[in-house]
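Here is a short walk through a structure, with an eye on its cysteines and its helices. Have the sequence and the view open as you read.

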Amino acid sequence: MNKNKQAMGRPVMRSCKEISKLVSSSLDRPLPFREKIEVWMHLKMCRLCNAFGRDLLRLRTLARHRITEKENDPSIQMEPDAKIRVQSTVNRNVGRADS
Amino acid sequence: MTGTVTHEQRLNPEKWVEDYGDLLFRYVVSRMRDRELAEELVQQTFLAALANRQQYTGAGSEKGWLMSILKRKMIDHVRLQSRTQPLEVDEVSPDPMDQFFDRRGRWRQNVRDALLHPLDSIDREEFWPVFEKCMAGLPDKQAGAFMLREVDDRKTEQICKDLDVSPSNLWVLLHRARTRLANCMKTRWLHEQE
């Protein structure tokens, strides 16, 4: 198996740097079979890359939850004068739109 | 044909700010953190909605329709804002990932501690100030790609169109954003524990 890889001119073992790229892209699409195996084998031995993978998933969850919370936070509001300004701009343009 | 109300007549522009202003505002602020920009995009949304009111088919709610216009405005802003920024992918500039990996592609020593501290334990109050600072440190294109993919769960093909980037460029953007954010957040958070 190793001989085949060397014949193809590819390194026998991927570095953490390369594996981290694959781990990242696995969040967006399924990995091709060979890459999936390489990542799986690397993760069996490398606790750092394992930690990295967990971090990415955790980051996704955290970002999603917290931003959704902020979206629904009633204390976040436009300034009153901004509201007045925007509404008068809208009102000025309502007339124009009717034709 | 008297008595038939057209779809666009169901719209109430006079009440848009009161009914939807804060909702739209919050959507932008939660993602872009810039309140002035948020106000600007809300106004642009209402004006675009007025200009295109005849396109309202009544298929969705007034709220949903306005939100979809806002989302497009926000994406357009990110794309245009980051257009002049180089992608950091040319060979001339150093690979930003070099700060995390040594020449042999192994994780650098100073990054290992942060890696081995799980991100799980960061709680609600601590999250926001740290997240905001770390997001502010990302190039606009990376921040935009991160938001669209991680928070809005948009498909990669769609984000390529949103930001006018190729799929391979998008993967680079996402990888850099994710790696930097995860490391930045843990580093800042760990320092704040001291």
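The notes below take the disulfide chemistry, then chain A, then a helix pair in chain B.

## The disulfide

Keep in mind that this is a predicted model. How many disulfides does the structure hold over all chains? The count is 1, and the bond links Cys134(B) with Cys184(B), with the two sulfurs 2.0 Å apart. Looking along the S-S bond, the torsion is -80 degrees, so this link between Cys134(B) and Cys184(B) is left-handed.

What does the bond tie together? Cys134(B) sits in helix α5 of chain B (residues 124-136), while Cys184(B) belongs to helix α8 of chain B (residues 167-193), so the pair connects parts that are 50 residues apart in sequence. Cys134(B) is tucked away too: its relative accessibility is 3%, so it counts as buried.

## Cysteines that don't bond

Why is there no disulfide at Cys16(A)? The closest cysteine sulfur is that of Cys49(A), and at 3.6 Å it is too far for a bond, because a disulfide needs the sulfurs within 2.5 Å. Cys46(A) tells a similar story: its closest cysteine sulfur is also in Cys49(A), at 3.7 Å, and that is too far for a bond.

Are these two cysteines of chain A buried or exposed? Cys16(A) has a relative accessible area of 10% and is buried. Cys46(A), at 12% relative accessibility, counts as buried as well.

## Chain A overall

Chain A has 5 helices and 0 strands, so reading from the N terminus you simply get α-α-α-α-α. It has 99 residues, and 43% of them count as buried.

As for how the chain folds back on itself, take the contacts between residues at least 6 apart in sequence: 50% of them join residues at least 24 apart. On the outside, chain A exposes about 6,100 Å², with carbon and sulfur atoms supplying 55% of that.

## A helix pair in chain B

Now for helix α1 (residues 16-32) and helix α2 (residues 35-51) of chain B. Their axes come within 9 Å and cross at roughly 130 degrees. The two helices, α1(B) and α2(B), are therefore oblique to each other, and α1(B) passes α2(B) in a right-handed crossing.

Which residues meet where these helices pack? On the α1(B) side they include Trp16(B), Gly21(B), Leu24(B), Phe25(B) and Met32(B). Among their counterparts in α2(B) are Arg35(B), Leu41(B), Thr45(B), Phe46(B) and Leu50(B).

Note on methods. Residues are numbered from 1 along each chain as its sequence is written. Chains are lettered from A and ligands numbered from 1 in the order in which they are written. This is a predicted model: local features need pLDDT of at least 70, side-chain atom pairs count only at pLDDT 80 or more; totals for chains, interfaces and linings use all residues. Side-chain values use heavy atoms; hydrogens and water are left out. Helices (H or I, at least four residues) and strands (E, at least two) are DSSP runs, numbered from the N terminus. Buried means under 20% relative accessible area, exposed over 50%, partly exposed in between (1.4 Å probe, protein chains only). Contact means heavy atoms within 4.5 Å. Accessible areas come from the Shrake-Rupley method with a 1.4 Å probe; for residues, only the protein chains shown count as cover. Axes are lines fitted to C-alpha atoms, for helices over the stretch in contact, and angles run from 0 to 180 degrees between N-to-C directions. Angles under 35 degrees count as roughly parallel, over 145 as roughly antiparallel, 65 to 115 as roughly perpendicular and the rest as oblique. A crossing is left-handed if the near helix is turned anticlockwise from the far one by less than a right angle, and right-handed if clockwise.
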